[in-house]
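The following exercises concern a single protein chain. Each one sets a task and then works through its solution step by step.

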Amino acid sequence: MGWIPFHDAANSKPLFLTIYATVIVGIVFSSFYVFSAIYSADSSTWFSSSSSSSSASSLIHVDQGPNVSQRTDWGAVPAPPPKSPKSQNMWTRPIWEAPPRGEKRPSLKAFQLTKTLVEQRVKDNVIIVTFGNYAFMDFILTWVKHLTDLGISNLLVGAMDTKLLEALYWRGVPVFDMGSHMSTIDVGWGTPTFHKMGREKVILIDALLPFGYELLMCDTDMVWLKNPLPYLARFPGADVLTSSDQVVPTVVDDRLDIWQQVGAAYNIGIFHWRPTDSAKKLAREWKEMLLADDKIWDQNGFNDLVRRQLGPSVDEDSGLAYAYDGNLKLGLLPASIFCSGHTYFVQSMYQQLRLEPYAVHTTFQYAGTDGKRHRLREAKVFYDPPEYYDSPGGFLTFKPSIPKSLLLDGEHNLESHFALINYQMKQIRTALAIASLLKRTLVMPPLWCRLDRLWFPHPGVLEGSITRQPFLCPLDHVFEVNVMLKEFPEDEFGPGINIREYSFFDNPLMPKQVKDSWLDVQLCREGSPGCNVTNNTSSLGIRLPKHSTEETFKSVFSLFKDVKVIQFSTMQDAFLGFTDKKTEEKFRKRVKRYVGIWCCVKGSDPGHIYYDMYWDEKPNWKPIPPQASEDDHPPW
């Protein structure tokens with residue numbers, strides 16, 4: 001006979017009856033608590049509590065435009081972490097733990113920046129802060145995710161608009177209200193609103209330092225790849241440690257950059273402040289400077305102040321220098337491991353020096369916010385929602401074919417660079433046409449360049465840099481990524497063509513069901529043995545005649561609509577062209593806008609050269625700058 005607690009208790013002495021009753025009541029209440037916790041878990045949490053083991057299904061859920069260029073609604077993912085003790089509040093509970101279901105969001109006053117608020121997130125006297133508006137929601141979530149994956153939780157996000165504050169609060173991200181009343185859209189680099197954001201940063205630094213905590217201030221367009229706090233702690237005497245736009249290495253290890261050799265601007269996208277008198281004095285004067293003149297760019301103001309007096313070295317070993325007022329101790333974070341967009345994406349400086357990068361900041365790029373996002377995607381360090389990796393209609397990819405001579409032979413000059421780019425561009429043009437025809441998303445190939453792209457004249461690569469030639473260049477060096485992601489009227493430009501980054505299939509977030517649904521297409525010479533599509537179709541691969549018509553493509557690939565990925569062995573001579581002339585005209589009108597410029601030739605004004613998607617149709621085309629003002633326009 002099994003144990004019947006109430007039966008046994010009824011035959012026991014009163015003391016034991018009391019004990020048994022207490023035990024049973026405890027079990028009942030414990031069960032009630034467990035089940036209530038399970039069924040009341042908030043389904044609006046973005047990541048699970050163990051963010052380092054998150055899978056693709058636990059990432060953002062978001063409605064997107066056709067090319068994922070805009071975020072319109074940040075949805076919910078049912079992956080709630082275990083609930084923290086009831087004594088914890090919205091500032092102290094674990095990141096990604098959303099507020100309880102049915103709870104009303106506190107008033108904006110509760111999100112005001114105070115020392116009491118900050119001290120609840122501080123650890124080891126350090127707080128890490130970024131800020132932004134709703135347009136950068138995905139960047140901010142990526143920034144937070146990287147930090148939590150590194151085991152760092154002493155962070156705060158400043159919200160410049162209520163929409164961002166609301167969204168972050170319901171996702172369990174510690175957020176405070178900056179009271180900026182900023183627009184929720186992307187304001188664009190260099191605009192008056194952009195400069196207003198810069199001033200807000202300085203005001204924020206000036207407000208935080210008097211709280212007495214070390215401050216690691218970051219822009220939202222950077223990500224952390226390694227915990228920087230132990231590195232920063234190696235320089236306890238520094239008042240300010242800042243990143244820079246230095247592109248020539250001054251050290252080959254992880255020491256601070258040699259301040260005497262850094263001629264580039266100090267970059268305020270990543271810098272660390274200690275709450276010393278000198279640092280607080282600098283922040284206060286910097287704020288007063290910007291508020292007095294709204295035409296001063298925040299970074300220029302910082303550089304002007306810090307360089308007012310620069311040197312001597314504080315000592316022989318630390319790498320610090322006196323700066324600003326002669327008392328502030330300044331250190332320059334090494335550009336090889338606190339990377340700019342150039343040292344990371346172009347030079348791969350950390351790889352060449354066999355170092356581990358701490359951070360990458362998406363500077364030195366040419367396509368606005370879309371270009372920043374695409375670069376982080378190419379590096380597989382941007383977090384996208386699951387649907388990004390499983391697009392309706394499936395994907396199209398191809399194996400790029402480049403002769404060795406175009407990559408390696410001869411000098412690296414304008415002619416060899418454009419010959420290499422044009423050869424790749426023609427293949428990409430064909431791939432865009434097939435993607436448009438089959439209504440598939442094109443996975444762009446890796447792009448090889450012989451010459452760097454900058455905003456000013458240069459000899460091909462920056463002198464003193466360690467840029468290898470040729471090098472795998474970011475897509476925005478040649479293609480206008482922001483234009484490719486832009487929505488055009490379909491009646492004028494034909495259907496939109498979605499794109500993905502070249503590293504797309506190597507991303508660990510790529511779902512297995514996409515990778516497993518794959519069709520290889522081998523191009524063959526029509527009439528050769530086995531080159532007959534009518535009896536050569538299987539789920540593993542097919543052979544397709546070169547120069548196939550639009551009708552052939554539609555007929556053959558209608559059989560593989562459910563296949564997620566179609567990969568061509570090459571794009572050379574794959575497609576004869578659109579049958580309908582109007583369709584062809586619309587396609588041309590669209591893709592002509594997809595390419596940008598190379599910049600810039602020394603001794604020439606203007607010095608830029610336009611890429612031309614249809615260069616091969618112009619027998620006398622040469623890579624030269626516009627020869628007259630009337631020629632200075634894109635080739636469309």
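**Exercise 1. Determine whether Arg354 is buried or exposed, and describe its backbone.**

Step 1. The relative accessible area of Arg354 is 71%. Buried means under 20% relative accessible area, exposed over 50%, and partly exposed in between, with a 1.4 Å probe and protein chains only. Arg354 is therefore exposed.

Step 2. Arg354 lies in the loop between α11 (349–352) and β14 (359–361). Helices (H or I, at least four residues) and strands (E, at least two) are DSSP runs, numbered from the N terminus.

Step 3. Although Arg354 is not a glycine, its phi is positive, about 60°. Most residues other than glycine have a negative phi.

A note on the source: this is a predicted model, in which local features need pLDDT of at least 70, side-chain atom pairs count only at pLDDT 80 or more, and totals for chains, interfaces and linings use all residues. Residues are numbered from 1 along each chain as its sequence is written, and side-chain values use heavy atoms, with hydrogens and water left out.

**Exercise 2. Carry out the same analysis for Lys439.**

Step 1. Lys439 has a relative accessible area of 67%, so it is exposed.

Step 2. The loop between α14 and β16 (441–443) contains Lys439.

Step 3. Its phi is near 55°, a positive value in a residue other than glycine.

**Exercise 3. Find the cis peptide bonds at Cys600 and Pro606, and place these residues in the chain.**

Step 1. Cys599 and Cys600 are joined by a cis peptide bond with omega of about -5°.

Step 2. From Asp605 to Pro606 the peptide bond is also cis, and omega is near 0°. Most peptide bonds are trans.

Step 3. Cys600 sits in the loop between β23 (597–598) and β24 (609–610). Pro606 is found in the loop between β23 and β24 as well.

**Exercise 4. Describe how helix α14 packs against helix α18.**

Step 1. Two packed helices are described by the angle between their axes and the distance between the axes. Axes are lines fitted to C-alpha atoms, for helices over the stretch in contact, and angles run from 0 to 180 degrees between N-to-C directions.

Step 2. α14 (residues 414–438) and α18 (residues 550–557) pack at about 55°, with their axes 10 Å apart. This angle makes α14 oblique to α18. Angles under 35 degrees count as roughly parallel, over 145 as roughly antiparallel, 65 to 115 as roughly perpendicular and the rest as oblique.

Step 3. The contact (heavy atoms within 4.5 Å) involves Ile434, Leu437 and Leu438 of α14, together with Glu550, Phe553, Lys554 and Phe557 of α18.

Step 4. By class, this contact of α14 with α18 has five nonpolar, no polar and two charged residues. Ala, Val, Leu, Ile, Met, Phe, Trp, Tyr, Cys and Pro count as nonpolar, Asp, Glu, Lys and Arg as charged, and the others, Gly among them, as polar.

**Exercise 5. Describe the packing of helix α8 against helix α9.**

Step 1. The axes of α8 (residues 277–292) and α9 (residues 298–306) come within 10 Å and cross at roughly 130°. α8 and α9 are therefore oblique to each other.

Step 2. From α8, Leu282, Glu285, Trp286, Met289 and Leu290 meet Asp298, Gly301, Phe302, Leu305 and Val306 of α9.

Step 3. The contact of α8 with α9 has seven nonpolar, one polar and two charged residues.

**Exercise 6. Characterise the surroundings of His417 and Gly158.**

Step 1. His417 is in helix α14, and its relative accessibility of 0% means that His417 counts as buried.

Step 2. Leaving aside residues up to four places away in sequence, His417 touches Cys449, Arg450, Leu451, Trp598 and Tyr611.

Step 3. Gly158 belongs to strand β4 (residues 155–159) and also counts as buried, because its relative accessibility is 0%.

Step 4. With the exclusion of residues up to four places away in sequence, Gly158 touches Thr130, Phe131, Gly132, Leu164, Phe176 and Met178. The C-alpha atoms of Gly158 and Val175 are separated by 5.8 Å, and these residues are 17 residues apart along the chain.
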